[in-house]
Each structure stands twice: as structure tokens, then as C-alpha cells.
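Colleague: Could you walk me through reading this one, starting with the basics?

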Amino acid sequence: MPLLLPILLALACAPLAYVAGRWRPGASAWVGASGAVASLVALGWELTLGPARLVLPWAPTWGLSLEFTRDGLSGLYAVMALSVGALVVLYSRAYLPHHLEEKGRPARDEVRFHVLLLSFMAAMVLLVTVDDLLLLFVALDLTTIVSYLLIGYDRDDPESRAAALLSLVLTGATSVVFFAGAMTLGLQYGTFSLPLVFERAATSPASTGALVCLAVGALGKSAQVPFHFWLPRAMAAPTPVSSYLHSAAMVAAGVFLLQRLYPLFAPALAVRDGLLAIGFLSMTVGSLLALVADPFKRVLAYSTIAQYGYALVLVALGSEGAPFYVAAHAPCKAALFLTVGAVTQVTGKKKLSEVSGLRHSLPVLAGASAVAAAGLAALPLTVGFFKDEVFFHALVQRGPAFMAAGLVGAGLTLAYTLRLWWGLFGGKRQDVPAAPRLLVAPVVVLAGSVLAGGILPGLLVEPARAAASAMRGEPSTLALAYHLDARAENLLAVGAWALGALLFATRLAWTPGLARVLEVVSRFGPELGYRRLLHLLDRLSTWLHELEVRDLRDRVASVLVPTGLLGLTVLWVTPLRHRFLPGTVGWADLTLVMALVFASGAALATLRARGHMVLVLLISCVGFSLAMVYAFAAAPDVALTSVLVESVFTLLFAGLLALLPSRRLERAQQEAQKPRGRDRISAGIAGVSAFLLSWSALSHLQADRVGTQTVKLAEVAHSPNVVAAVLTDFRGLDTVGEMSVVVAALLGVTSLLRLKGKR
Amino acid sequence: MRSFVPPLSRMLVRPALIIALALWLKGGGQVGGGFPAGALAGLVVLLQYVVMGREQARRYVAVRYAALLAGVGLLLLVGTSFLPVLAGYAPVSLFPRPGQPELGAGAFHLHTALIFEGGLMLIVFGLVVTVIDRFALSTSTEEESGP
């Protein structure tokens, strides 16, 4: 399974970093980064072997398998996630100690950060490598969960927690929508394997509803309008998180999904037009907000929304430059995020209005970030130039209106990038201490790659073509080269630079007005809807919670009544003939009946029991009588287990009584002696439902067929003890699940009683 | 007056554990299995707690590390269930497969189901003992010691 090697290496990074961190906190970042580099090397070696697929059967009878692919698209995104990931981890080695000190947290918390970041990297590599709709959803949710932990890394900061919750709710909810789309497709085509789905979609196109669901999931992840507002809020996270999640990973995941699933979207022109509109809208909204935002990280966050708007437009147009665009954007944006993180660490400031003229104190950082900014703004000699070239190339084919929109968008990009860089490094001189080398080095490496891609574009043609052909399923003719002539792309680029420069030069004139307008508009944005919804849900949950915890009896009823109603509904809707058979009772059953009478007597006696100890003994009496029933019914295995379990249960229950305050027990006793009307109703519903369900189930025992067959199969499975065969072999997976629950209960008991012990 | 109960309860430990082992090992062929074996072993430990107190009962290594044993049990369970997947079998494929010959005598046979049942036994034992231990800890005033 050579295809899995990079994934396994990436998955190993986080545990290795944790172990190294236990030994020495400073080592975890280096170990993690080397792991990422090792995975990158393995991936590079794999990519030279050409495309391949790996199918691991999982539940073959249901047609479910774990499928992985190695193609241009996964290669491009995996390289991006791994290389930026390694650099960001090294950067956070220098960033975190200072950050933790500022927050008053111990230095060893750094390890947790590296581990989370590396887990995110692994989830991302998994996401881009899988080739199956269900695994795609699983990997998508993994990234969501880890990003929640990362954004909320500053646990003591309420703003940070709220931002984490917002991103979890939004990206989680949209990924559930994605799941609905994936399930619809799976049911429509009878498989979750992507190549098969694409093949069958060629003859019968996917339903629009399913495609919209998939698109919603992708848009939520990529922070596109109307889900865009989680991204700026997520800037509450430490800067390395923003740098990684919001350049090469989390937001890239959404656009990646659309590119991976492009063959489904290709024939659905209406859906693609919708995506196109959303892309242009996100471009506009993001760029305008980036022009007026004051905190640096916000500028970059809005810029990310706008840039992924571009990528969305490219996907919607079916352009072969879409994967390349994302890949070219990632190093520029990551470098800029790392730059502003370094600036914040050195100066302690977070807003553009508070800093200026840092080029004198931080010359290397200024130079490297200038290259990255040039890349973002698509100036020549950087890889960014080509990202705009492919963008313009796609728009030129659609006509003048699209060209104008693209020109304005690119002009706005240049304007806000200039504003950011000039705000940090230009203007009146401020003297600050030098930045640590490890903070600057990753920026320099990223800037170097931006520059290298711009000077030697020929190197990028091959990966970009491979990714484009994997996305579109046909050979790509993408070309990246400088042309010194008056072609439309070049004219558009020059026009965009002129517009950007003009906007930047006149910024003092229009910034205050634009800020005021946007402030008013944003008050009525989708964020308001989110807050209202959250508030309503909160109230609903408080209401339910109060209903439940006010009284122990209500709490029990809140479990029993819905269960009982569900059972009755199931009985009501399932069409079964001879639903309730009375069966026959002969003299041979006398012992059984006696044991059952005993059990029923004990059960009835609990109604009048005074004192909890008596109650426990009566309940165990029921259990022991049932064990007797099993023994009489020639089921020695079940009987033995029941006796043992019942003994343990009775003793533990009695022990538990010693832990409860006696006043509580007395009150519960008094309450139990005086049932209220609604208690009787709840008990009635639960009892009747349980009785009818059991009767119905026992009326349909296929004793001969199932029993004989099971006995025969148990012999074959080398286990003459049928119960053991069922438990370990036929239903082994169920046993594993049940035992996991037991272990979870064990952990719960341990932590609950430890808490009690501390008080 | 010296009670005969504490020595008696201590004498019961070994026979009970041997019966538990027997229940586990012959579970595939006759009455038994990992679940009752774990419950029986747990009951013996429970007896020690009741008769001799937490301090004395924790002299046994298996009692001190009961929670860890449950973890080991889960690993055994998951291992026997999912390691065959790596070799291309369906999950929870037990060996020898149906039709293949197996080694063994009487009710005892070498079969990977034994490892599976062993995992069950350890989990049940770990749960019972840990819960007892926590109860004992919460009702007594002594400080927590050991893992």
C-alpha cells in the first residue's frame, strides 16, 4: 500500500510531536515539522510514479469501501498542506511561548498547539487523498472539529471561544448539508466511490438538489457569502492558526471539494451560474471590507474571502486554472499572515492605525512580505501574476462584462494589499526590537517560493496541468508564460494595476465614507440572523433543561415517555399480521411460569417498597428470578451471566446508596409514595409500550429457522457454544461497540467520582 | 475475637480466579465466556473490599491497575476485530476460519475468539473493580494513592 505512505506519515506527526513534547516541550515542533517534511518527500516520490488508486474493502456487502487516490489534484493540495504546515509549525515554535506568556499560561501548553496543528494537517491530507463521498465527509468533519479546537485555543478568552463556536456551528452545519447531498448521490447511483459516481453521472446527471447541498457544504468551508462572517471572527485565534487554516487548509477545503466533484457540476449550468454569482459577490464584499478594516488580521481575512471568491468563479466557469489559483494564493497569504503575526509579537499592536514605518527595524521581514504582497496583488515576477493571468483568461472567454468585473476585483486586491503593506512598513519611522529569526525565516522561505514560481513558471506547468486534468477529467493545455504583447489578459492586468494604484493614492478621500456605509450594511447582514437563531436555540434549550432538571421524576419521564411513544409509533406503522399471538402453555412450562410469577411479584412489590435498600433487593430479586427462567429454559450460559451480573449489580447499587445524601433519599422516597397525575401517565405510556413491543417481538420468533441455522453455523465457526459464537463471531462488531460503551462508562464513573472526592 | 471471615475471603481469591480463567478458556465449547469470567473475578475483588477494606484489597497489582486493564482489554478487542482488515479480511474475522483445522483438546481450542473473550473479561473486570474502588474512595476519607 505505497499510496498510503504519505497519509500514514502525516497521521504519525501529531502523536510523535506529543511524545517529543512530553520529553521536552521545545522539541515537539521540530519533530512535527520533520514528520511533515518526511511525508512531503514520500509524497514527492509517489507523484513521480503517476496516478494510482487504492481500494480497501470495508463492508463489501453494502458496497462500502475506503478509497484513496493519487492524482494531480490531491498531489497539489497535499503538497500545499504539508509544506505550509511544516513552516507554520516551525513558526509557532517561535510564536507560541510569547503568546502563552502574554495569556498567563504554562509553557508546556505549546505542545497541545503543535499537536492540534499537525492533526489538522493530517486531516487535510486525508481529505485531499480520499476518493469516496463518505470518507470525504468524514475527513471534512475532522477538519471542522480540529479547527474548533484550534480557533478556541485560548480557552480563557470568551471572544476566542465564541469565534470557535461560530466556526464550528457554521462549518459543521454546512457539512451536514454536504452529507445530505452525498447520501442523495449515493442512493441515486448506488455507490459512494467517486470514479463510479462520475461514470454513472455521465449518463444520468446528478439531481440539482444534491448538487446544491454539496455546494452549500463547500461554500460554508470556504467562507463564501452568505457564510463568510465566521472567518473574520476566527481571527481571534493565534496567528499561526489563521495563517494555516485560512490560507492553505480549512478554507481551501471548500474549493477543493468543488474541484474534486467538478465532473458532477459540469453539466449543471444553473448551479454553476449560482456559484459564479456567489463568487463575484464574495469578491466584492471581501475586497471592500478589506479596504477599510483596521486590524491587520481582519484585512487578511476579508482578503481571503475575496480570493476564494476568485477561485469559486474559476471553478464555476470550469476553468482549468482553478486548482492552480488556490495553490498560488496559499504561499502569498500564509506569508502575509505570518508577517502580521511577527509584527504583533514585536510591537504588541494589532491595528494598522497603531503602527507605521517598520521597514527600518524589520528590513528582512519588510522585504519578504513585500514579495508576498506582490504575489497576492498579482505583480509580475511572482507566482501571483499567473494566478491573475489564468483568472483573466477564463473571463475573457465570457465577454466584456465579466472582464470589467475581473478588472475591478484585481484593482481592489492591489489597493488593499498596498494599504496593508504600506500601513505596516511605510510612513513615519517607528523603532522596535528585532524579530526572532525563527519568526522571519518561514516568511522568507514562502516569499522565496513565490518569487521562484514567478521567475521560473515552467516548473509549475506540469503540476497545474495534472491538477486541472484530474479536476476536469480531460487533458489540460494550461500554459504559464510571460507574453510581452497587447493581448487581453495583459491589458486587463495593466488596467487593474492602474486602478489599484489610483485607489491607493486617493485612499484618504474615500476610506471614511466607505467605512460608514459598510458599517451600516453589515448591521443587517447574515451575522444578525445567526445571532437571533443562536439566541432562540439557547432559549429552547434552557426551557427543555429546566423542564428536565426541576424534578427527578420529570427527568426519568423525559427519557421514558419519548421512548415509549416511539415504540408505540413503530408498532402502529409496521404492518404485521398476527401481531399478538398468545401462544400455548403446557405442564412442562410449570417451572418457567413459577419463576415468572416470582419475578412479577417482586416487580409489583417495588411499588410499595419503603427504603432504598429494600428497593434494591427487590429489583435484584426480579433479576435473579429471570436468571432462574433462563436456567429452566435450557440457557445455562445466559443464566450464569445473569446471576453474576445481578450479584455485581446489587452490591454496587447498595454501595452507591452509601454515596448519596440521606436527606435526598428520604425526599425521593416520599415523592415516590405520592405519584402525581402526570407520573401515572408517563409510567403508563412507558409500561404499555414496553409490554406491547415485547409481546409483538416474541410473537414473531422464527425459532426453528434462526435457531437451527445458528447452531449449525456455530459448529462450523469452531465454537459449539452458540452464545459464544454469536457474541464473538456473528455479532462480533456489535460486541466491540458495546464494550466501547462500557469503557466510556468506566471513564465517566472515574471522572465523576474523582470530582466528588475532591469536594 | 478473631473473625474467620477475612482469612476465608483471602483463601477464596485463588479458586475464584482459577474458575474465572476456566470459564474464559472453555467458553468457546461449553458454558462460560469472557463476560461471566470478568464478572466473577470482579466479585472476588468486591469481596476483598467489603471484608478487608480498600487498603488491603489494593495490595493486588491487578486491582491497582484495573482501569488500565480495561484499556488493554479494549485494545485486544479492537485488535482482534480490525487487524484482519489489514490482511484483507472482513472486520471481526476470527482464525482459524470455518473449515480450517484447529488445535486443541476437550473444550479448549486455540482460536482468536479466545483473545476476543479475554478482552471482554478484562473490560468487565476493569469496570467492576474501578467502580468499587471509586465507591470505596468516595465513602472513605483516606487520600487517593497510586494510579
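Modeller: Happy to; we will go through the core and then the contact between chains.
This is a predicted model, where local features need pLDDT of at least 70, side-chain atom pairs count only at pLDDT 80 or more, and totals for chains, interfaces and linings use all residues. Residues are numbered from 1 along each chain as its sequence is written, while chains are lettered from A and ligands numbered from 1 in the order in which they are written.

Colleague: How many residues does the largest nonpolar core have?

Modeller: First the idea: a nonpolar core is a set of buried Ala, Val, Leu, Ile, Met, Phe, Trp, Tyr and Cys residues joined through C-beta atoms within 7 Å. Buried means 20 or more other C-beta atoms within 10 Å of the residue's own, with C-beta atoms placed from the backbone. Here the largest core has 204 residues, and Ala81(A) and Ala372(A) are among those with the most contacts inside it. Helix 3 (residues 72-103) of chain A gives the most to this core, 18 residues; helices are DSSP runs of H or I, at least four residues, numbered from the N terminus. Apart from that core lies another, of 59 residues, including Val648(A) and Leu69(B).

Colleague: And how many residues does each chain bring to the contact?

Modeller: Two residues are in contact if their C-beta atoms, placed from the backbone, lie within 7 Å. Chain A brings 38 residues and chain B 44. On the side of chain A that touches chain B, helix 27 gives the most, with 14 residues.

Note on methods
A residue is buried if 20 or more other C-beta atoms lie within 10 Å of its own, exposed if 12 or fewer, and partly exposed in between; C-beta atoms are placed from the backbone. Helices (H or I, at least four residues) and strands (E, at least two) are DSSP runs, numbered from the N terminus.
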